[in-house]
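Student: I would like to go through the labels attached to this structure and ask what each one rests on.
Tutor: Go ahead, and we will set each value against its cut-off.

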Amino acid sequence: MASTMFSLASVTPSASISLQDNLKPKLKLGTSSQRAFPRKDFMKAKSNGRTTMAVAVNVSRFEGITMAPPDPILGVSEAFKADTNELKLNLGVGAYRTEDLQPYVLNVVKKAENLILERGENKEYLPIEGLAAFNKVTAELLFGKDNPVLQQQRVATIQGLSGTGSLRIAAALIERYFPGSKILISSPTWGNHKNIFNDARVPWSEYRYYDPKTVGLDFSGMIEDIKAAPEGSFILLHGCAHNPTGIDPTPEQWEKIADVIQEKNHIPFFDVAYQGFASGSLDEDASSVRMFAARGMELLVAQSYSKNLGLYGERIGAINVLCSSASAAARVKSQLKRLARPMYSNPPIHGAKIVANVVGTPELFSEWKEEMEMMAGRIKSVRQKLYDSLSAKDKSGKDWSFILKQIGMFSFTGLNKSQSENMADKWHVYMTKDGRISLAGLSAAKCEYLADAIIDSYYNVS
């Protein structure tokens, strides 16, 4: 262990007295200085007829570990909390808020939790793959209950730790069984995607997605980059409500994307974090995944119930792998379980039971769809009001209609880093530095204030 030597003989008399005074409380009656100061911490030496004593101060073995930078998304909330201005707005984290900007627990979730209590269910460990009832309903929700791929048992599903954990398990599968394979991710993408694949040691590159000139989809660039990728690459796709842009391909564009992926023998990997929360329809938001599955393609899908059921802190999701045969699906599932075991042993039970109760109970399922439509509808209404406010206040004639063409809880404003910083510094509006705002954290009453902030930042900050 590294150590630093301090010689007590080198200090001034007054410093020596002070040091002795500081040491006195550590010496108790009936003890020796050797007990108070272990022999290994001191060394004696003679110098010019004087005896000196050196103290060895141990340096931490962790001294070489540097301070990690703040998380670009969660750090926004920390800055928001520190701001005392009453006009402040937190549009950074993707979490649904009511019109009063308060967290919302779905009524259907409360009813599902009451069912768990009424049944007196226990808190025993789940199997490695998770709750069987959850795995069944989550696959049905994604692919459609009567989809042949489920009837043929060609889908390997295990419960994951929400979207992040499900993506991480899939990344580990890719690293172990497709060594050297690259995954392509959109530019831009959700901030945690790169972290996940970096930690799993899966090489990645980007395909073009966002066109800053139009604040829309760079479809031709996307297709060119997918075509140029090495054959057999994994292509990460946002199933609906692309994060952070809110820009989704049209149904016709999805067909073209599928054509190119099939031509190049790539493997599609969907991240579905907003099913039902984007459009308000579970089926519409799963249409891209189902179209790829109907083509007979093998694929991976990570799911999350953080947004559509508001189960942010329950960490409930799933990883699904659609294979060409039931035997392949069985083998894949066995290896997913093998990967999960040393990571977290088995997943949490509470959120899984909530989802199983909601999706598996017809009355609760219908109520959930109504609540999702309500949440999605509120986001659509503030999106419209923000557009109306921007259009009314901006006298330059700039076209802000790209805001209406985006979908889901996020909007890509087109603001750059400096402009986004001005939003926080001057207007107390907190957002990610790439210009993304969460409309789920915006109320109708705050739309005009936000429009003023955006216009000021866009035109007065370069």
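**Labels and their grounds**

Tutor: This is a predicted model. Its largest cavity has a volume of about 40 Å³.

Student: What makes this space a cavity and not a pocket?

Tutor: It is called a cavity because a 1.4 Å probe fits there but cannot get out, whereas a pocket is an open set. The structure holds 1 cavity of 30 Å³ or more.

Student: Which residues line the largest cavity, and how do they divide by class?

Tutor: The lining consists of Leu141, Val272, Gln275, Gln303, Ser304, Tyr305 and Asn308. By class there are 3 nonpolar, 4 polar and no charged residues. Tyr counts as nonpolar, so Tyr305 belongs with Leu141 and Val272.

Student: How much space lies in the largest pocket?

Tutor: About 1,100 Å³. Of its 49 lining residues, Asp71, Ile73, Leu74, Trp190 and Arg436 are the closest to the centre. Among the elements that give two or more residues to this lining are helix H3 (74-82), helix H7 (162-177) and strand S15 (429-430). The lining of the largest pocket has 23 nonpolar, 16 polar and 10 charged residues.

Student: Why is Cys323 called buried?

Tutor: Its relative accessibility is 4%, and buried means under 20%, so Cys323 qualifies. Cys447 is at 0%, so Cys447 counts as buried too.

Student: How many disulfides does the structure hold?

Tutor: It holds 0. A disulfide needs two cysteine sulfur atoms within 2.5 Å, so with a count of 0 no pair meets that cut-off.

Student: What makes strand S10 mostly covered?

Tutor: In S10 (residues 234-238), 5 of its 5 residues are buried. Phe234, Leu236 and His238 lie on one side, with Ile235 and Leu237 on the other, and both faces are covered.

Student: How do you know that S10 pairs with strand S6?

Tutor: Pairing requires at least two bridges, and 2 bridges join S6 (residues 183-187) to S10, so the condition is met. These strands run parallel, and Ile183 stands opposite Phe234.

Student: Which strand pairs with S10 over 5 bridges?

Tutor: Strand S11 (residues 267-272), also in the parallel sense. There Leu236 of S10 stands opposite Phe269.

Student: Why is the unit of S10, helix H10 and S11 called right-handed?

Tutor: With the strands pointing away from the viewer, a clockwise path from the first strand over the helix to the second is right-handed. S10, H10 (residues 251-263) and S11 make a β-α-β unit of that hand, so the path over H10 runs clockwise in this view.

Technical notes. Residues numbered from 1 in each chain as written. Predicted model: local features only at pLDDT ≥ 70, side-chain atom pairs only at ≥ 80, totals over all residues. Heavy atoms only, no water. 1 Å grid on protein atoms, 1.4 Å probe; cavity = no way out; pocket = protein on both sides within 12 Å on 5 of 7 lines; lining within 4 Å. Points joined across faces, edges and corners; volume = space filled by probe spheres on them. Helix = DSSP H or I, 4+ residues; strand = E, 2+ residues; numbered from the N terminus. Buried < 20%, exposed > 50% of the residue type's maximum accessible area, 1.4 Å probe, protein only.
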